[in-house]
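User: I'd like a close look at one part of this protein, with a bit of context around it. Could you walk me through it in plain terms?

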Amino acid sequence: MSYKEKVLELIEMKCPFCGNDDTKVIDTRNMSENNSIRRRRMCEKCSKRFTTFERMEETPLIVKKSNNTRESFSRNKLLKGIMISCNKRIVSMEQMEAIVDYVENFAFSKNGNEIESKEIGNIVMNKLKDIDEVAYVRFASVYRQFKDIDSFMSELALMLKERK
């Protein structure tokens with residue numbers, strides 16, 4: 001029996017029939033479809049058997065939008081935006097997914113479960129700038145919502161200045 005199994009077996013589980021704290025794990029099975037563990041237990045006092053399910057609690061990542069509303073973080077939504085920016089560019093799917101992974105890991109390590117949308121946009125733009133400048137400009141044009149050609153041109157001028 002592994003250390004992890006010994007620790008889990010020590011967790012007190014009351015018998016639903018007699019309320020006794022002394023129960024024994026008879027069988028443990030991983031339930032891969034919902035990331036849980038199924039345990040068959042037996043009460044040491046009344047000898048009745050029962051089943052428990054243990055599941056890891058996941059904290060959802062929340063995105064705070066510029067208008068102060070909040071919504072759940074969507075990997076697919078972010079990946080779709082990056083894919084649109086990288087359309088017909090030589091950027092691999094692995095590179096795009098790595099950006100999304102970085103954003104997600106950054107958000108959880110920094111704030112726990114909340115990140116501002118402008119922070120996400122800045123991270124993605126910085127990553128895209130290093131990978132493909134055209135994809136960067138495409139993403140920036142949507143993210144920064146350029147009002148006219150002058151604001152777009154000033155962004156391009158900034159890029160050219162940084163390149164030199």
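In which strand is T23 found? Then the part I really want to zoom in on: which residues of helix 5 are buried, and what do they pack against?

Analyst: Keep in mind that this is a predicted model. T23 first: you'll find T23 in strand 1, which covers residues 23–31. Its relative accessibility is 12%, so T23 counts as buried, the cut-off being under 20%. Setting aside neighbours within four places in sequence, T23 is in contact with M13, K14 and C15, with R41, M42, C43 and E44, and with F50.

Now for helix 5, which runs over residues 133–143. At its start, D132 sends a side-chain oxygen to within 3.1 Å of the backbone nitrogen of V134. At the other end, just after helix 5, Q145 has a positive phi of about 50°. Between those two spots, the buried residues of the helix are A135, Y136, V137, F139 and A140. If you're tracing faces on the model, an α-helix has 3.6 residues a turn, so residues three or four places apart point the same way. The buried residues of helix 5 pack against three other helices: helix 2 (75–85), helix 4 (117–131) and helix 6 (149–163).

F139 is a good one to zoom in on. This helix 5 residue counts as buried because its relative accessibility is 11%, against a cut-off of under 20%. Leaving out residues up to four places away in sequence, F139 touches G81, I82 and S85, plus G121, V124, M125 and L128. Take S85 from that set: along the chain, S85 and F139 are 54 residues apart, yet their C-alpha atoms are separated by 5.3 Å.

F139 also takes you to the largest pocket, where F139 is among the residues nearest the centre, together with K65, K77, S117 and Y143. That pocket holds about 700 Å³ of space and has 22 lining residues. Strand 5 (70–72), helix 2, helix 4 and helix 5 each put at least two residues into the lining. Helix 2 gives the most, at 6 residues. As for chemistry, the lining is a mix of 8 nonpolar, 8 polar and 6 charged residues.

To pull it together, F139 is buried, touches residues including G81 and L128, and sits among those nearest the centre of the largest pocket.

Methods. Residues are numbered from 1 along each chain as its sequence is written. This is a predicted model: local features need pLDDT of at least 70, side-chain atom pairs count only at pLDDT 80 or more; totals for chains, interfaces and linings use all residues. Side-chain values use heavy atoms; hydrogens and water are left out. Buried means under 20% relative accessible area, exposed over 50%, partly exposed in between (1.4 Å probe, protein chains only). Helices (H or I, at least four residues) and strands (E, at least two) are DSSP runs, numbered from the N terminus. Contact means heavy atoms within 4.5 Å. A polar contact is a pair of N or O atoms within 3.5 Å; within protein, one must be able to donate a hydrogen and the other to accept it, and residues adjacent in sequence count only if both atoms are side-chain atoms. On a 1 Å grid over the protein atoms alone, a cavity is a set of points where a 1.4 Å probe fits but cannot get out, and a pocket is an open set with protein on both sides within 12 Å along at least five of seven lines; lining residues have an atom within 4 Å of a point. Grid points are joined across faces, edges and corners, and a volume is the space filled by probe spheres set on the points. Ala, Val, Leu, Ile, Met, Phe, Trp, Tyr, Cys and Pro count as nonpolar, Asp, Glu, Lys and Arg as charged, and the others, Gly among them, as polar.
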